[in-house]
Amino acid sequence: YRSHLRSQIMAPLYAIAEKTRHSFELFLDQKLAIVRFISNTYSFEDLTDQQKIKEILASLKKEWRGFVDIGLINAKGDLVSYAGPYSLLGINYSEQISFQETQIKGQYISNVFLGYRKYPHIVVAVQHLREDGQTWILRATIDTDFFDSLIDSMGLARQTDAFLVSSGGVFQTNSFYYGKTLEKCPISLPISSFKSSSIEGTDSSNRDIIVVSSALSIADYILVIVQPHSVAMESWCALKTELMVIFL
């Protein structure tokens with residue numbers, strides 16, 4: 001019965017991990033599609049017009065939440081046009097991973113980083129290939145409020161935690177019990193895969209825990225759910241106690 005109960009407990013944890021991972025992927029894919037649509041709709045010359053790119057950013061903020069700024073990067077890595085709250089014009093991105101990966105893969109979603117306001121952001125970038133063979137990159141910065149609101153909406157049981165980490169084990173969102181964004185995750189995680197997997201272990205408070213993880217296919221994020229073993233097996237403990245009382 002204990003073995004059967006454990007499988008019944010893991011099934012909903014797997015289900016909520018898969019569902020929430022899918023929601024994250026939809027959100028990120030939508031942001032990529034929006035930036036790609038702009039790059040296909042406007043020419044390089046249109047986007048170098050400062051007034052035009054400011055109007056585009058204003059429209060983005062009106063229709064979709066989360067956009068902070070948007071910039072146009074030429075083939076040399078120079079930011080030639082920008083709309084947003086910072087003074088970034090003229091910066092060269094040719095040595096940054098975001099520029100190099102966008103050139104190789106055609107699109108890029110960064111890990112979470114702290115912007116000038118010390119507020120968590122991510123970068124979404126797409127490459128556009130012109131008919132003459134020249135390329136340029138449209139880059140947008142998005143805040144991560146949606147990450148936290150999506151995790152809050154998971155409806156987790158008491159003492160259960162959920163968060164995003166990078167493949168390197170760095171928090172991409174805050175955790176209730178184990179750390180803050182950009183800190184190192186202190187617990188062992190299952191081997192990363194696009195299918196939900198789990199392990200059992202012990203956290204820094206010596207609690208026995210069940211860890212479920214599910215890697216996103218669209219970006220370097222892993223969704224993690226941590227539940228204390230005592231909470232997961234609560235019904236088994238109650239049944240065991242009742243059986244002992246009956247036996248005595």
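Start by selecting 197-202 and 208-215: these are β8 and β9, and the two strands pair in the antiparallel sense over six bridges. Keep in mind as you click around that this is a predicted model.

Now zoom in on individual pairs. Pick E200 and look across to β9, where its bridge partner is I210. Then move to G201, which stands opposite I209 in β9.

What links the two strands? β8 and β9 form a hairpin, with five residues between them. Click on N206 while you're in that turn: its phi is positive, at about 65°.

Next, stay on β9 and add 222-228 to the selection. That's β10, which runs antiparallel to β9 and is joined to it by seven bridges. For a sample pair, show V212, which stands opposite I225 in β10. This is a hairpin too, with six residues between β9 and β10.

Before leaving β9, colour it by accessibility. How many of its eight residues are buried? Seven are, so β9 is largely enclosed by the rest of the structure.

Time to bring in the whole sheet. Add 161-165, which is β7, and you have an open sheet of four strands in the order β7-β10-β9-β8, with antiparallel pairing. Which strands sit at the edges? They are β7 and β8, each of which pairs on one side only. Turn the view a little and check the twist: neighbouring strands of this sheet are turned by 25° against each other on average, ignoring direction. As background, strands of a sheet pair through backbone hydrogen bonds, either parallel or antiparallel.

Now for a couple of helices. Select 145-152 to get α5, and show the side chains of F146, F147, L150 and I151, which are buried. Look straight down the axis of α5: the buried residues fall within an arc of 130°, so they line one face of the helix.

Last stop: select 97-105, helix α4, and pick out T102. Is T102 buried or exposed? Its relative accessibility is 0%, so T102 counts as buried. To see what surrounds T102, leave out residues up to four places away in sequence and show its contacts: Q107, Y108, A125, V126, Q127 and I137.

Terms used
Residues are numbered from 1 along each chain as its sequence is written. This is a predicted model: local features need pLDDT of at least 70, side-chain atom pairs count only at pLDDT 80 or more; totals for chains, interfaces and linings use all residues. Side-chain values use heavy atoms; hydrogens and water are left out. Two strands pair if DSSP finds at least two bridges between them. Axes are lines fitted to C-alpha atoms, for helices over the stretch in contact, and angles run from 0 to 180 degrees between N-to-C directions. Buried means under 20% relative accessible area, exposed over 50%, partly exposed in between (1.4 Å probe, protein chains only). The arc is that of the directions from the helix axis to the C-beta atoms. Contact means heavy atoms within 4.5 Å.
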